[in-house]
Amino acid sequence: MSYLSLSNITKQYGDAVVVDNFNLEIAKGEFISFLGPSGCGKTTTLRMVAGFETPTSGRIMLDGEDITDKAPNQRTVGMIFQSYALFPNMTVAQNIGFGLSVRKESKEMIKQRVDEMIVLINLEKHAHKYPYQLSGGQQQRVSLARALAIHPQVLLLDEPLSALDAKIRVSLRSEIRAIQRKLGITAIFVTHDQEEALSISDRIVVMNAGLMEQVGTPFEIYNFPQTQFVANFVGSLNTVKAEVSDPAKGLVTVDGVQFITASDIKSRKKGDAIRISVRPERFSFAEIQKKDNVLDCTIENITFLGSVVRIQVKIGNSNFNMDTFNNPFLELPKIGSKERVTCSKEAVLVLDE
Amino acid sequence: MNFASRLRKVPFWSWVWFILGALYFVLPLFATFEFSLTWDPANPLKAYQRAFEDRDFWETFLYSNILALATIIFSILLIVPTAYWIRLRLPEARRIVEFITLMPFVVPAIVLVFGLIRIYSSSFNVPFTDIQLMQPLTNFKAGTNILIVAGYMVLAMPYMYRSVDTGMRTVDIRTLTEAAQSLGASWYVIISQIILPNIRSALLSGALLTFAIVVGEVTLASFLGVDAFGPYLFLLGQHRAYEPAALSFVSFLLTWLAMGLLQLVSGGQGQAAGAH
């Protein structure tokens, strides 16, 4: 049985449907990410779980209790905000203890819990500092400790890393995940950063225009996207127009060049216009490994991206990006040279629009 | 760093404007003070001695201070939740409220006081009957005090509302409120422990302006017939020359002292966002 359940959740502002018939079951201790572009409804859904927004229809059940109409301060839900939202007039210790003092816990209990949380976030030396005396990363750790201090049933994280610089973002996300695992707390993480969602989550909910596009593990979302939107939004993708040439054999043609796909196109007719997608890293040079699709190409451009080298190739009249891992001994082709690239038929995706 | 290079670092025009502003502020004060010392060359402080010997000075000054304090407290009680709610839930009502708070600039105090007298000088009856619920507010001391504090609240509203609203703009009221709510805080806790401490400097400046308005106010106090400091100074000015100058100077210093104490007392705990 699920621990947190969102059933048929819809949120409307006037005529605008922001979240449309959202259904999700979350198990206890699970780390779920809501991933999507701005305005897709991910934050609104999170705010409905927190109680800051009321669903137009649908129910939210937490540990068997209907919390749909409960006020935010009646729910035991910890929330972390992008802007940290630490109380500027309180020290780190006072911020962490605030939720407990509101609950009228004893002074000893508050002190003990605050000390425990400060150790958890490694800010022992900063307990008596004010938020303005801390760095962004430290402030967000305090915010995490403050949310965890009240023993929340669910931890909600609303783009908590967006305001931080790249290095701190990576280290803090690992820290958040480690703490979440250690405490076994159920967490919902809202982000528009696919890398963040892929690296931290047990499952990802990809959202677009208020609708849930796909729910799955990071592996499933990346490798087996079910819609064009998911494939485009998560990772890089080459997408080109194609024509079905043999539905039974999975053959399609792109500007006269034939591709074979493992996707089921049996329901299509010969001559049907479709779009095929291939991830850049699924291409490789034909000499390295022979696969289903062996394609003549011209090297158009080479871009060095650090750990990856992106090679733009022209197959027929269409341009494709191909990614290969960088290494000091990598021999790259020359721009303008004729080469052969290959990809497996599983790599050629035919997705729902 | 030598003096010349230091001097080059001084922003010249900043100093010019600062000195001009300071002169505009200090010169009249100095002239008043200087005039107050010229009554008796043998005893330059004669005007001050006479003024302080007058019981009416102390009584009216104390009374005006109490009125100012009451006005500040009730203004905070009215304006802080209003400005907070508008920022949080009713941003579309902001223009209307701002317009209302500007009314005291347009409607003179004399109109306000005649309105108050006209409405509150008749008794409150049960509608359509002669059964009296309350006698006219202008007929008894407490009623008049309520009227004058209410009137002062209206006069001070533009300053208090703007100070509070500006203070709230400097902190992210909405997110702080939501953070506190998610931690289980009630509205009372949010306002008293989160909002008020974080707009403390704004409240202080609003209180300072309110204090200055109330202590020197003449029109409302005269027409409502209360023995406040403003009418006392006004009357004294009509009949004497030196004492009003001395009292103006003293009342100015006392007002500053009072506000300094207020700042000292409220500035003692923690550091609020507005303070940085």
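Q: Among contacts in chain B between residues at least 6 apart in sequence, what share joins residues at least 24 apart?
A: Keep in mind that we're reading a predicted model here. To read this feature, you set aside the contacts between sequence neighbours and ask how far along the chain the rest reach. In chain B, 75% of the contacts between residues at least 6 apart join residues at least 24 apart.

Q: What does the secondary structure of chain B come to, and how big a box do its C-alpha atoms fill?
A: Start with the element count, then look at the extents along the principal axes. Chain B has 13 helices and two strands, and its C-alpha atoms fill a box of roughly 70 × 65 × 35 Å. As for burial, 33% of its 276 residues count as buried.

Q: Over to chain A. Which domains does the assignment give, and what distance separates their centres?
A: Read the bounds, then the spacing. The assignment splits chain A into domain 1 (4-226) and domain 2 (236-350). Taken over C-alpha atoms, the centres of the two domains are 40 Å apart.

Q: How do I check the span of helix α5 of chain A?
A: Compare an expected length with the distance between the end C-alpha atoms. Helix α5(A) covers residues 166-183, and at 1.5 Å a residue its 18 residues should span 26 Å; the end C-alpha atoms are 26 Å apart, so the two agree.

Q: Which residues of α5(A) are buried, and which are exposed?
A: Look down the helix axis and see where each group points. The buried ones are A:Arg169, A:Arg173, A:Ile176 and A:Gln180. They fall within an arc of 60°, so they line one face of the helix. On the other side, A:Lys167, A:Ser174, A:Ala178 and A:Lys182 are exposed.

Q: What do the buried residues of α5(A) pack against?
A: For packing, list the elements they touch. In chain A, those are the strands β3 (31-35), β7 (154-158) and β8 (186-191), plus the helices α4 (136-149) and α6 (194-200). One more thing to spot: just after α5(A), A:Gly184 takes a positive phi of about 65°.

Q: What is the strand order in the open sheet of five strands in chain A?
A: Walk across the sheet from one edge to the other. The order is β13-β12-β11-β14-β20, with antiparallel pairing. Its edge strands are β13 (257-260) and β20 (349-350), each pairing on one side only.

Q: How many bridges join β12 and β13 of chain A?
A: Zoom in on one strand pair and count. Strand β12 (residues 251-254) pairs with β13(A) in the antiparallel sense over four bridges. Take A:Thr253: its bridge partner in β13(A) is A:Gln258.

Definitions and conventions
Residues are numbered from 1 along each chain as its sequence is written. Chains are lettered from A and ligands numbered from 1 in the order in which they are written. This is a predicted model: local features need pLDDT of at least 70, side-chain atom pairs count only at pLDDT 80 or more; totals for chains, interfaces and linings use all residues. The expected span of a helix is 1.5 Å times one less than its number of residues. A residue is buried if 20 or more other C-beta atoms lie within 10 Å of its own, exposed if 12 or fewer, and partly exposed in between; C-beta atoms are placed from the backbone. The arc is that of the directions from the helix axis to the C-beta atoms. Two residues are in contact if their C-beta atoms, placed from the backbone, lie within 7 Å. Domain bounds come from an automatic or database domain assignment. Two strands pair if DSSP finds at least two bridges between them.
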